[in-house]
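Let's take a walk through this model together, helix by helix and then pocket by pocket. Have the 3D view open as you read.

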Amino acid sequence: GRRATSHLLEAAARIASDGSCRELPDEDLQAALADVRLGFLRQSRTGTRDRERALALVREAAFRTLGFQPYPVQLAGALALWDRHIAEMATGEGKTATIAMAAVLRGWSARGCLVFTANDYLAERDAMIMRPLFEFCGVSVASVTGERS
């Protein structure tokens with residue numbers, strides 16, 4: 001509801017304003033991502049604070065690998081997906097980036113993550129476009145199409 005949306009937008013604003021990882025060299029950012037990834041894998045650091053720190057690191061990785069700064073609405077969407085909510089976004093709000101950031105966080109779990117999309121073309125395109133982000137964050141990516149299933 002409205003309260004959950006407000007909470008997600010407030011968290012997204014905190015993440016968007018977190019500049020603590022902007023000055024880190026790539027190697028240090030990747031080391032911080034690996035540390036958070038290990039915590040997610042162990043499921044010992046899944047509290048709100050660690051989730052926000054993790055997404056701040058992934059946001060910075062998205063900027064460095066894909067060349068864009070995710071908007072707060074995208075961060076809020078990624079948090080909603082992490083919390084297992086359905087996130088409705090309008091055309092042009094950046095669903096692919098939102099889902100990719102959430103998939104990184106989910107991919108760090110022992111269960112991994114599957115993302116379904118409308119058609120084979122989009123599955124291949126999005127996997128290719130987001131591959132640099134996934135790889136920088138230590139997550140593998142592949143696409144499966146009807147021809148390969």
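At what angle do helix α1 and helix α4 pack, and how far apart are their axes? Keep in mind as you look that this is a predicted model. Helix α1 covers residues 2–17 and helix α4 covers residues 72–82; they pack at an angle of about 120°, and their axes are 8 Å apart. That angle makes α1 oblique to α4. If you're wondering about the handedness, α1 passes α4 in a right-handed crossing.

Now zoom in on where these two touch. From α1, the contact takes in Leu8, Leu9, Ala11, Ala12, Ile15 and Ala16, while α4 brings Pro72, Leu75, Ala76, Leu79 and Ala80. Sort those residues by class and you get 11 nonpolar ones, with no polar and no charged residues in the contact of α1 with α4.

Stay with α4 for a moment and turn to another partner, α5. Here α4 and α5 pack at an angle of about 45°, again with axes 8 Å apart. Once more the arrangement is described by its angle, which makes α4 oblique to α5. The way α4 passes α5 is a right-handed crossing. On the α4 side you'll find Gln74, Leu75, Gly77, Ala78, Leu81 and Trp82, and these meet Ala97, Thr98, Ile99, Met101, Ala102, Leu105 and Arg106 of α5. The mix in the contact of α4 with α5 is 9 nonpolar, 3 polar and 1 charged.

Follow the chain of contacts onward and you get to α5 and α6. What is the angle between α5 and α6? They pack at about 50°, with their axes 11 Å apart. The two helices are therefore oblique to each other, and the crossing of α5 and α6 is right-handed. In α5, look for Thr96, Ala97, Ala100, Ala103 and Val104; in α6, they meet Arg125, Asp126, Met130, Leu133 and Phe134. This contact of α5 with α6 has 7 nonpolar, 1 polar and 2 charged residues.

So much for the packing; what about the empty space? Rolling a probe the size of a water molecule over the atoms shows where such space is left. How much space lies in the largest pocket? About 760 Å³. A set of 25 residues lines the largest pocket, and the closest to its centre are Leu114, Val115, Phe116, Val141 and Ala142. Two helices give two or more residues each to the lining of the largest pocket: α5 (95–107) and α6 (120–136). By class, this lining has 15 nonpolar, 7 polar and 3 charged residues.

The second largest pocket holds about 260 Å³ of space. It is lined by 15 residues, and Thr5, Leu8, Ala76, Ala80 and Ala87 are the closest to its centre. The elements that give two or more residues to the lining of the second largest pocket are α1 and α4, the pair whose axes are 8 Å apart. Its lining divides into 9 nonpolar, 4 polar and 2 charged residues. If you go back to the contact of α1 with α4, you'll spot some familiar names there, including Leu8, Ala76 and Ala80.

Conventions: Residues are numbered from 1 along each chain as its sequence is written. This is a predicted model: local features need pLDDT of at least 70, side-chain atom pairs count only at pLDDT 80 or more; totals for chains, interfaces and linings use all residues. Side-chain values use heavy atoms; hydrogens and water are left out. Axes are lines fitted to C-alpha atoms, for helices over the stretch in contact, and angles run from 0 to 180 degrees between N-to-C directions. Helices (H or I, at least four residues) and strands (E, at least two) are DSSP runs, numbered from the N terminus. Angles under 35 degrees count as roughly parallel, over 145 as roughly antiparallel, 65 to 115 as roughly perpendicular and the rest as oblique. A crossing is left-handed if the near helix is turned anticlockwise from the far one by less than a right angle, and right-handed if clockwise. Contact means heavy atoms within 4.5 Å. Ala, Val, Leu, Ile, Met, Phe, Trp, Tyr, Cys and Pro count as nonpolar, Asp, Glu, Lys and Arg as charged, and the others, Gly among them, as polar. On a 1 Å grid over the protein atoms alone, a cavity is a set of points where a 1.4 Å probe fits but cannot get out, and a pocket is an open set with protein on both sides within 12 Å along at least five of seven lines; lining residues have an atom within 4 Å of a point. Grid points are joined across faces, edges and corners, and a volume is the space filled by probe spheres set on the points.
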